[in-house]
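Here is a brief report on helix packing and aromatic contacts. Please look over the model first.

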Amino acid sequence: MAKTVGDFVLARLQKWGVTRLFGYPGDGINGLLSALGRLEREPALDFVQVRHEEEAAFMACGHAKFTGEVGVCLATSGPGAIHLLNGLYDAKLDHQPVVAIVGQQARTALGGHYQQEVDLAALLADVAVFVQTCTAPQQARHLVDRAMRLAKARRGVAVVIFPNDVQEAAAAEPEHAHGTVHTGTGFSRPLVVPSEQDLERAADILNRGERVAMLIGAGASEAAAEVVAVAERLQAGVAKALLGKAVLPDGLPFVTGQIGLLGTKASYELMQSCDTLLMVGSSFPYSEYLPKEGAARGVQIDIDPAMLSLRYPMEAPLVGDAALTLRALLPRLKARSRDKWRAKIQRAAADWWSDEEKRAHLTADPLNPELFFWELSDRLPDDSLVAVDTGMSTTFFARAVRVRQRLQVAISGTLATMGPAVSFAAAGKLAFPERPAFALVGDGAMQMLGLNALITVSKYWRRWSDARFVVAVLNNRDLNMVSWELRGLGGSPKLPQTQDVPDFDYARFAEMLGFVGRRIEGPDDIGPVLDDALAADRPVVIDVRADPNVIALPPHATLEQTTKLFAALAKGDPDRSAVLKQLFRQLAV
Ligand SMILES: Cc1ncc(C[n+]2csc(CCOP(=O)(O)OP(=O)(O)O)c2C)c(N)n1
Ligand SMILES: [Mg+2]
């Protein structure tokens, strides 16, 4: 029997299979930290100490994104819990199972405007599928059990708040009496398949379609073979949402690559010319990139009923596991022979890649960032873990990196927050120390949180059996994605006082931490620096000196966007002439 509630909570988490906690100390969780010190050596419960609680939440979320298991983070009351919030929202919005254990002031002080007293249940109510405060030792068991089970079952964030006096109180089992709760551990995911009737209805729509477009997202991750089989049977083209990028290799001729603002022209054309849309495990938000309402009949498969018929009115919205549902659909689908439309889609996809290669090789000053991503693509080992931050790295990754099978990617897809990439990559590496990990990060995001997360890496990297951990900083001295949004969407010139990012010596900072620091200052440096980074015996930070004036045009730039861009430049944009030079180079491709 555990001695204190703190001892009990840790043992219960272990019973659920938790092996790692990402966290930061504070007296609000002293009772849990002292319990950590009393734990038996085996089975191990590893405490990963971060520099900022936001990192802990990102690491818990990154752990979930890379492993599919619950990520657990631990923070103190008040400020610690507040710092967790952004990382927890990333988990919520991308449907990842994360449990947060947070401290609170003693029960005797609550409601007394006490130091560090924050109404944590109210603070965390919107982010969490479950949030409860443990006010008596007998609650600890069911609160931990429910948090773990609901995080898994509802694929979201669950929070348990422990006042510090409760953590140190003697552990107690609930009595066999009225008013007590008696829970157990364990959860297995059910296999969900739609009814026969729904499958028939969906198959009928798909069989009647003459030009079927598929859109796949993160929900199709375990269904690559089934997506390919259905696409072949229906002679469909397949576009990928950002979170579905790693689901299918870009080498397949009928895969049109990314969809959306960051996407390819081939995906745009696929969606605009189809007569039937089959969406699998995606909540891709931008409806202007989907078929116009009424232009296509819709079938959707999603494990979460709340995500059905949300972006496009679907005639057959099916609740189901992607792989099982596609497998159940397959025998109902009629095989077709190759047709002209599919050939056109394949040609558009091939043209996209050949144009992309040309765009990546356009001259820029000192380096076209797209070339870095293009060349990285050839060098990424097959089993890499790749974390991408929010900024132009996301755009260039989405467009220029051709994924192969087995690569795993973690991105803040729906929240699109800056800051998580180094933490995601580090969490991936802690879970899979034998696999190479990459973080692709803007200079703004690196300065926001990435530099701190590198210090965290410096504390742990020596444990990794394979040292390959490569952080590439897209150093354009600009909050570039927003500078383009200001110009293209707002018609405003780039404002140096809001957009310029101070220069910083990322390579020297890496060396201070005992890592390798390298710089890419022109196209010829890319290959040798990446080869060295992959052969290094320690983490490597690469400062990629990128031209901020390389524009990434949306797959179909509207007249309104183009007009706004020119208006912004005409209003005295400081980089006007360099932007125009790059724009004309791009238009010539
Ligand atoms: C936490 C947060 N703050 C602000 C934004 C808005 N935002 C999106 S991209 C971006 C620019 C990122 O700059 P940087 O990391 O340097 O990448 P770049 O676009 O320059 O490659 C900003 C400010 C955001 N998404 N998240
Ligand atoms: Mg930048």
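Is Phe-58 buried or exposed? Phe-58 is buried, because its relative accessible area is 0%, and the cut-off for burial is under 20%. The model is predicted.

**Aromatic pairs**

The structure holds 9 aromatic pairs. One of them joins Phe-58 and Phe-424. The ring centres of Phe-58 and Phe-424 lie 6.0 Å apart, with the planes at 80°, so this pair is edge-to-face. It bridges distant parts of the chain, as 366 residues separate the two. The table sets out both partners.

| Residue | Helix | Relative accessible area |
|---|---|---|
| Phe-58 | helix 3 (residues 53-67) | 0%, buried |
| Phe-424 | helix 15 (residues 421-431) | 0%, buried |

Elsewhere, one aromatic cluster is formed by Phe-372, Phe-373 and Phe-396.

**Helix packing**

Two packed helices are described by the angle between their axes and the distance between the axes. Helix 21 spans residues 559-570 and helix 22 spans residues 576-587. They pack at an angle of about 150°, and their axes are 9 Å apart. That angle makes helix 21 roughly antiparallel to helix 22. The crossing of helix 21 and helix 22 is left-handed.

Which residues make the contact? Helix 21 contributes Leu-565, Phe-566, Leu-569 and Ala-570. Helix 22 contributes Arg-576, Val-579, Leu-580 and Leu-583. Of the residues in this contact between helix 21 and helix 22, 7 are nonpolar, 1 is charged and none is polar.

Note on methods: Residues numbered from 1 in each chain as written. Chains lettered and ligands numbered in written order. Predicted model: local features only at pLDDT ≥ 70, side-chain atom pairs only at ≥ 80, totals over all residues. Heavy atoms only, no water. Axes fitted to C-alpha atoms, helices over the stretch in contact; angles between N-to-C directions. Helix = DSSP H or I, 4+ residues; strand = E, 2+ residues; numbered from the N terminus. Parallel < 35°, antiparallel > 145°, perpendicular 65-115°, else oblique. Left-handed = near helix turned anticlockwise from the far one by under 90°. Contact = heavy atoms within 4.5 Å. Nonpolar A, V, L, I, M, F, W, Y, C, P; charged D, E, K, R; others polar. Phe/Tyr/Trp six-rings, centres within 6.5 Å; stacked < 30°, edge-to-face > 60°. Buried < 20%, exposed > 50% of the residue type's maximum accessible area, 1.4 Å probe, protein only.
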